[in-house]
Amino acid sequence: MGRTLAIGDIHGCLAALETLMNIVRVNSDDLLITLGDYVDRGPHSRQVLDWLIDRNRGGRLVTLRGNHDLMMSDSRFDNETRNGWISVGGVQTLQSYGDEGIIGTLDDVPDRHFEFIDNTCRRYFETSTHIFVHAMLEESTPLDEQEDSCIYWEKFRNPQPHYSGKIMVCGHTAQKNGVPLNVGHAICIDTWVYGTGWLTCLDVDSGKCWQAKQSGETRTGWL
């Protein structure tokens, strides 16, 4: 049996993602789960989506949808959403679709990127022991009845155990000290890679963590 590995919010930080993969050394038996927010704030959102789409073709990758990915997709249809998205990192995403310093537009985003966000990415994923979600879970609600406002947007403040008894692994709420927040029944692994923090990969069974920065710096530790 391979490892079950979860990666926190990437936010366009391709250099950190590639460095992280070099130290984790994911093999064909491992299941890799990315928790969403692939775009915005970092410099290489387009390239991160290409990386995920290419890797998805090989299998053993589960990609969740984050609120920033959702905003990017919804911005095609709603001006208010587009303006909000631009103000929270969308401008960096559009820059990644531009050419030679010229900012791109949503028309420059290839269809395969929206297809990936809308149809390949999932709202949640569960194993026999863990539930993976971008933001949060309502503790007394079945997974298929969870509201989008919780799944994509709720902050990790005082999470209660889900009635299933499974451990929740999520991102979304940046831990600006660069350390995953573990409260036993819930673990947040968004460690602020687009700021001065790290991109985190967690082996959910052993508790081992690998982390990488955009600069190429790496470290390992345990929950």
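Arg 41 sits in the loop that runs between strand E2 (31–34) and helix H2 (45–56). In this predicted model, Arg 41 is partly exposed, with a relative accessible area of 32%. On the surface, Arg 41 gathers with Lys 155, Arg 157 and Lys 176 in a patch of positive charge.

Now for the charged pairs. The count of salt bridges comes to 7, and here are three of them, each with its N to O distance.

| Positive side chain | Negative side chain | N to O distance |
|---|---|---|
| Arg 3 | Asp 30 | 2.7 Å |
| Arg 46 | Asp 50 | 3.9 Å |
| Arg 57 | Asp 54 | 2.6 Å |

Take Arg 3 and Asp 30, whose side chains meet in a salt bridge. This pair ties together distant parts of the chain, 27 residues apart: Asp 30 is in the loop between H1 and E2, and Arg 3 is in the segment before E1. Asp 30 is buried, at a relative accessible area of 2%, whereas Arg 3 is partly exposed at 22%.

Helix H2 holds a pair of its own. Arg 46 and Asp 50 are separated by about one helical turn, because they are 4 residues apart in H2. An α-helix has 3.6 residues a turn, so residues three or four places apart point the same way. Arg 46 is partly exposed, with a relative accessible area of 29%, while Asp 50 counts as buried at 17%. Add Arg 112 and you have a network of salt bridges linking Arg 46, Asp 50 and Arg 112.

As for the pair of Arg 57 and Asp 54, Arg 57 is exposed, with a relative accessible area of 62%. Its partner Asp 54 is partly exposed at 49%.

Next comes helix H1 (residues 14–24), whose buried residues are Leu 14, Ala 16, Leu 17, Thr 19, Leu 20, Met 21 and Val 24. What do they pack against? The buried residues of H1 pack against helix H2 and several strands: E1 (4–7), E2, E9 (199–203), E10 (208–212) and E11 (218–222). Right after H1 comes Arg 25, with a positive phi near 55 degrees.

Finally, look at Lys 166, in the loop between helix H6 (148–153) and strand E6 (167–170). Is Lys 166 buried or exposed? Lys 166 is buried, because its relative accessible area is 18% and the cut-off for buried is under 20%. Setting aside neighbours within four places in sequence, Lys 166 is in contact with Glu 126, Thr 127, Ser 128, Thr 129, His 130, Ile 131 and His 185. Lys 166 and His 185 are 19 residues apart in sequence, with 7.2 Å from C-alpha to C-alpha.

Key
Residues are numbered from 1 along each chain as its sequence is written. This is a predicted model: local features need pLDDT of at least 70, side-chain atom pairs count only at pLDDT 80 or more; totals for chains, interfaces and linings use all residues. Side-chain values use heavy atoms; hydrogens and water are left out. Patches are made of residues with over 30% relative accessible area and no salt bridge: like charges are joined within 9 Å, nonpolar side chains (Val, Leu, Ile, Met, Phe, Trp, Tyr) within 5 Å. Accessible areas come from the Shrake-Rupley method with a 1.4 Å probe; for residues, only the protein chains shown count as cover. A salt bridge is a side-chain nitrogen of Lys or Arg within 4 Å of a carboxyl oxygen of Asp or Glu. Lys and Arg count as positive and Asp and Glu as negative; His and the chain ends are not counted. The place of a charge is taken as NZ of Lys, CZ of Arg, CG of Asp or CD of Glu. Helices (H or I, at least four residues) and strands (E, at least two) are DSSP runs, numbered from the N terminus. Buried means under 20% relative accessible area, exposed over 50%, partly exposed in between (1.4 Å probe, protein chains only). Contact means heavy atoms within 4.5 Å.
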